[in-house]
Amino acid sequence: MDVVRPIDVIEFLGGPPSKIGRPPAPAPPPLVVIDAGEDPHRLQEYRELRRRAFVDEQRLFAGDDTDEWDEHPATIFLAAIAGDGSMLGGVRLHPAQDGGLELGWWRGSRLVATRAPGLGRGAVGAALVRAACGRALESGALRFDAHVQASHVPFFSRLGWAKIRSIEVGGAPHLLMRWPIRRIAEHAQGTKEPLGELVGQLVPHDRWRGDDGVPIAGSDVIGCVDAITPSMVDRDPYWAGWCGMLVTANDLAAMGASPIGVLDAVGGRDASHVAAVLRGVRDGAEAFELPVLGGHTQLGVPGALSVTGFGRAAEPVPGGGGHVGDAVWICADLEGAWRPGYHGRQWDSTSGRSRAELRPMLDLVRRVRPRAAKDASMAGIVGTVAMLAEASGCGAEIEIARMPRPEHALMADWLTCFPGFAVVLAQAPGAPKPSGGAAVSANCAVLSPDGGVRLRWPDDEITTVIGVDAITGLGPATGGRS
């Protein structure tokens with residue numbers, strides 16, 4: 001058989017021949033980390049490595065190191081595999097507690113790694129730990145812990161893990177260590193942190209500073225305005241129209257206002273696109289009792305929608321009226337599902353509700369009259385708690401196990417999504433439980449003297465999820481703190 005040599009263009013055109021040939025095959029990676037949970041052979045290899053390390057060599061366990069987490073359906077097993085297919089090590093990660101609703105609390109355990117030719121010391125373990133951190137994030141972790149042998153603490157520290165406190169496992173000294181997860185802080189920073197610099201000099205430093213609505217001087221009228229992201233208007237015009245009305249209704253409701261109506265400004269590439277947006281506006285106007293009073297329409301432009309709402313409240317409720325020690329209530333509609341195309345980001349509890357079902361929820365603040373209230377916005381529930389606390393000159397501590405949440409939503413998603421209908425209230429300790437139709441209410445937080453937001457976990461550990469510098473930067477509203 002003739003061997004065909006690749007054509008050298010320079011030689012073909014009369015230049016000197018070169019020594020080209022087939023490009024070398026890429027070298028296989030020195031190791032890969034795989035999910036071993038679906039491979040009984042790899043899982044057994046991992047368990048044998050564990051037994052040799054923890055039972056035979058270290059004698060941390062007598063006879064067997066397996067426990068209930070090896071059979072738990074949520075446990076994830078990762079294995080490091082060498083280029084020749086041999087097993088180099090493994091690790092597992094799993095919820096930190098069994099039973100009850102998922103809280104976003106995960107733990108890594110049973111890390112075992114061997115030395116491999118051509119790999120530096122600790123390379124296998126580092127690859128497994130980094131992979132476990134990534135999988136924990138994918139699984140909705142808000143807290144990721146490990147019980148680390150004292151001799152391995154420097155290794156974990158170099159990978160960014162924080163030392164929490166000394167503990168004992170199997171009679172041997174260990175440290176509780178934690179990998180920092182900034183999901184909530186980064187979400188709050190991305191949606192609200194720039195506001196102080198951008199608009200701090202534009203808005204008055206009064207008791208309504210930071211509120212989504214504002215009283216019109218000399219009247220009982222409340223005004224508010226919201227703009228929907230252009231990408232949503234382009235991609236999902238009906239839902240954009242509905243959401244424009246929903247967020248306007250929520251803004252007015254959070255200040256205890258009864259609805260008057262809205263003005264809308266809509267733009268789109270053509271008449272059919274604008275018509276789709278306006279169908280959502282029309283259906284929202286009916287559902288939320290917010291008639292369209294007028295507006296502006298423009299064709300031949302990128303998609304855009306803003307809605308200006310008006311309501312009435314003789315004594316509006318501020319977002320910054322809380323006091324240190326106040327009970328913080330979350331009142332949320334937990335029915336519904338993730339909006340198609342927005343999984344983990346937008347919970348739709350409203351499009352299937354009738355006007356009769358929506359009105360008691362929207363009247364909740366007006367009827368209860370708490371010290372402070374804010375509707376949960378794109379900053380998510382925790383971000384909204386942070387804004388209410390900031391405007392009140394306080395911080396907040398949330399007891400995460402008491403947070404009301406839909407059964408089929410991960411806690412991490414629920415705390416950072418737009419939740420459809422949810423309102424955060426601050427009330428004096430001992431005040432009656434607020435009620436509003438289908439909304440579920442839970443007293444799950446308290447306003448504290450220190451800024452920022454912290455989560456209290458079932459083991460009484462506290463993690464800071466939003467620092468003082470990660471909120472809006474608008475500062476306390478005048479008269480917000482006693």
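**Helix α3.** I began with helix α3 (residues 123-138) in this predicted model. I took its 16 residues at 1.5 Å a residue, which should span 22 Å. The end C-alpha atoms of α3 lie 23 Å apart, so the value agrees with the expected span. I then looked up burial along the helix and noted V124, G125, A126, L128, V129, A132, C133 and A136 as buried. Just after α3, I recorded a positive phi of about 90° at G140.

**Open sheet.** I next traced a sheet of seven strands, which is open and has mixed pairing. I wrote down the strand order as β16-β18-β13-β19-β17-β20-β21. At the edges I found β16 (372-375) and β21 (462-466), each of which pairs on one side only. For the twist, I noted that neighbouring strands of this sheet are turned by 25° against each other on average, direction ignored.

**Strands β17 and β20.** Within the sheet I examined the pairing of β17 (residues 395-399) with β20 (residues 453-456). These two strands run parallel, and four bridges join them. For A396, I identified V453 in β20 as the bridge partner.

**Residue H273.** I turned last to H273, which I located in helix α9 (residues 271-288). Is H273 buried or exposed? Its relative accessible area is 3%; because this falls under the 20% cut-off, I entered H273 as buried. I also listed the contacts of H273, leaving aside neighbours within four places in sequence. The residues in contact with H273 are V233, D234, P237, G268 and G303.

Note on methods:
Residues are numbered from 1 along each chain as its sequence is written. This is a predicted model: local features need pLDDT of at least 70, side-chain atom pairs count only at pLDDT 80 or more; totals for chains, interfaces and linings use all residues. Side-chain values use heavy atoms; hydrogens and water are left out. Buried means under 20% relative accessible area, exposed over 50%, partly exposed in between (1.4 Å probe, protein chains only). Contact means heavy atoms within 4.5 Å. The expected span of a helix is 1.5 Å times one less than its number of residues. Two strands pair if DSSP finds at least two bridges between them. Axes are lines fitted to C-alpha atoms, for helices over the stretch in contact, and angles run from 0 to 180 degrees between N-to-C directions.
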